Amino acid sequence: MSLIIPNWKVPKQVKAISTTRLGGHSAAPYQGLNLGSHVGDELATVLENRQVLVELADMPSAPIWLNQTHSTRVEVVDKPTSSTLDADGLFTTQRGVVCSAMTADCLPVLLTNTQGTQVAAVHAGWRGLAHGIVENAVEMFEGEVIAWLGPAIGPSAFEVGDDVLQAFCDFDAQASRAFKPTGATGKWWANMDQIAIQRLLKLGVSQVYASGMCTYSDPEQFYSYRRDGVTGRQASLIWLE
């Protein structure tokens, strides 16, 4: 297994990782450390992969997993649970509660305050990002917030239509700077990192770190829905030790 450690400066009790597809027990087309139980992989294999992750990452408890629907819902959790929650973000102030966000091109956003007393994990697809999930998560924090943007589809791979461009520009005209024309009529390359950074800066979050890793262009390390269609899921996770 190969884990990504966020390149950010946070209090020592804040622990965060992002997984890759390397390792694990899933067979093709989910080959590797697939953590998604909703993509057609054998459930027993997914549960085995999740247990491997808990052990190798030395987690204090099993992660809380989400039924993600590209909503703007951020759930507050105060203890571990084996229930799958209907939300696209998790927020906690309690030690030992592992928040997760599964992705396969969408943008994972991990958040903590500078005191290291609050953390959140957010699944930000373009719909959730456009409609305010990052804002909903940041509003839950007290004090200054630090953000890390995990592996997601990159700005030279994420082709979108006029509707996506308009959805972001309706919220903030400066979002247009994060879109470049592809050359095809009505098509744009969208930079999810840049859009997220714009949103975070407007919220007063100036400490933003980005992995810069593209899921689409790195099939060895990452699952990508846009690239493969039928595929697994990686996860970004955060907790207070």
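These are my notebook entries on pockets, a cavity and charged residues in one structure.

**Entry 1: the model**

I am working from a predicted model. I looked up open pockets before turning to the enclosed space and the charged side chains.

**Entry 2: the largest pocket**

I started with the largest pocket, which has a volume of about 600 Å³. I noted that 27 residues line this pocket, and that His-70, Cys-106, His-123, Tyr-225 and Arg-233 are the closest to its centre. Which helices and strands each supply at least two residues of the lining? I found strands β3 (66–67), β7 (99–103) and β11 (159–161), together with helices α2 (126–131) and α6 (225–228). I then sorted the lining of the largest pocket by class and wrote down 12 nonpolar, 10 polar and five charged residues.

**Entry 3: the second largest pocket**

I moved on to the second largest pocket, which holds about 170 Å³ of space. Its lining includes Leu-47, Arg-50, Gln-51 and Val-54. I also listed Ala-62, Pro-63 and Trp-65, as well as Thr-81, Ser-82, Ser-83 and Thr-84, in the lining of the second largest pocket. By class I recorded five nonpolar residues, five polar ones and one charged.

**Entry 4: the cavity**

How many cavities of 30 Å³ or more does the structure hold? I found one. The largest cavity has a volume of about 30 Å³. Around this cavity I listed Asp-172, Gln-174, Ala-175, Ile-195, Gln-198 and Arg-199. Its lining divides into two nonpolar, two polar and two charged residues. I kept Arg-199 in mind, as this residue returns in the next entry.

**Entry 5: salt bridges**

I looked up the salt bridges and the count came to five. I wrote down some of them.

Among them, Glu-241 pairs with Lys-15, with the closest N and O atoms 3.9 Å apart. Glu-241 lies in the segment after β15 (234–240) and Lys-15 in strand β2, so this salt bridge ties together parts that are 226 residues apart in sequence. Glu-241 counts as exposed, at 54% relative accessibility, whereas Lys-15 is partly exposed at 29%.

Arg-199 and Glu-135 also meet through their side chains in a salt bridge, at 3.0 Å from N to O. Arg-199 sits in helix α5 (residues 192–202) and Glu-135 in helix α3 (residues 133–138), so this pair links parts 64 residues apart in sequence. Are these two residues buried or exposed? I found that both Arg-199 and Glu-135 are buried.

A further salt bridge joins Asp-228 to Arg-227, where the closest N and O atoms are 2.9 Å apart. I noted Asp-228 as partly exposed, with a relative accessible area of 38%.

**Entry 6: Arg-21**

I then looked up Arg-21, which is placed in the loop between β2 (14–19) and α1 (43–56). Arg-21 is buried but has no salt bridge. Why is there none with Asp-228, the nearest side chain of opposite charge? Asp-228 is 4.5 Å away from Arg-21, and a salt bridge needs the nitrogen within 4 Å of a carboxyl oxygen, so the pair does not count. Leaving aside neighbours within four places in sequence, I listed contacts of Arg-21 that include Pro-29, Tyr-30, Phe-222, Tyr-223, Arg-227 and Asp-228.

**Entry 7: Asp-170**

Last, I looked up Asp-170 in helix α4 (residues 162–171). Asp-170 is exposed, with a relative accessible area of 60%. I compared its place with that of Ala-130: the two are 40 residues apart in sequence and 9.1 Å apart in space, C-alpha to C-alpha.

Key: Residues are numbered from 1 along each chain as its sequence is written. This is a predicted model: local features need pLDDT of at least 70, side-chain atom pairs count only at pLDDT 80 or more; totals for chains, interfaces and linings use all residues. Side-chain values use heavy atoms; hydrogens and water are left out. On a 1 Å grid over the protein atoms alone, a cavity is a set of points where a 1.4 Å probe fits but cannot get out, and a pocket is an open set with protein on both sides within 12 Å along at least five of seven lines; lining residues have an atom within 4 Å of a point. Grid points are joined across faces, edges and corners, and a volume is the space filled by probe spheres set on the points. Helices (H or I, at least four residues) and strands (E, at least two) are DSSP runs, numbered from the N terminus. Ala, Val, Leu, Ile, Met, Phe, Trp, Tyr, Cys and Pro count as nonpolar, Asp, Glu, Lys and Arg as charged, and the others, Gly among them, as polar. Buried means under 20% relative accessible area, exposed over 50%, partly exposed in between (1.4 Å probe, protein chains only). Lys and Arg count as positive and Asp and Glu as negative; His and the chain ends are not counted. Contact means heavy atoms within 4.5 Å.
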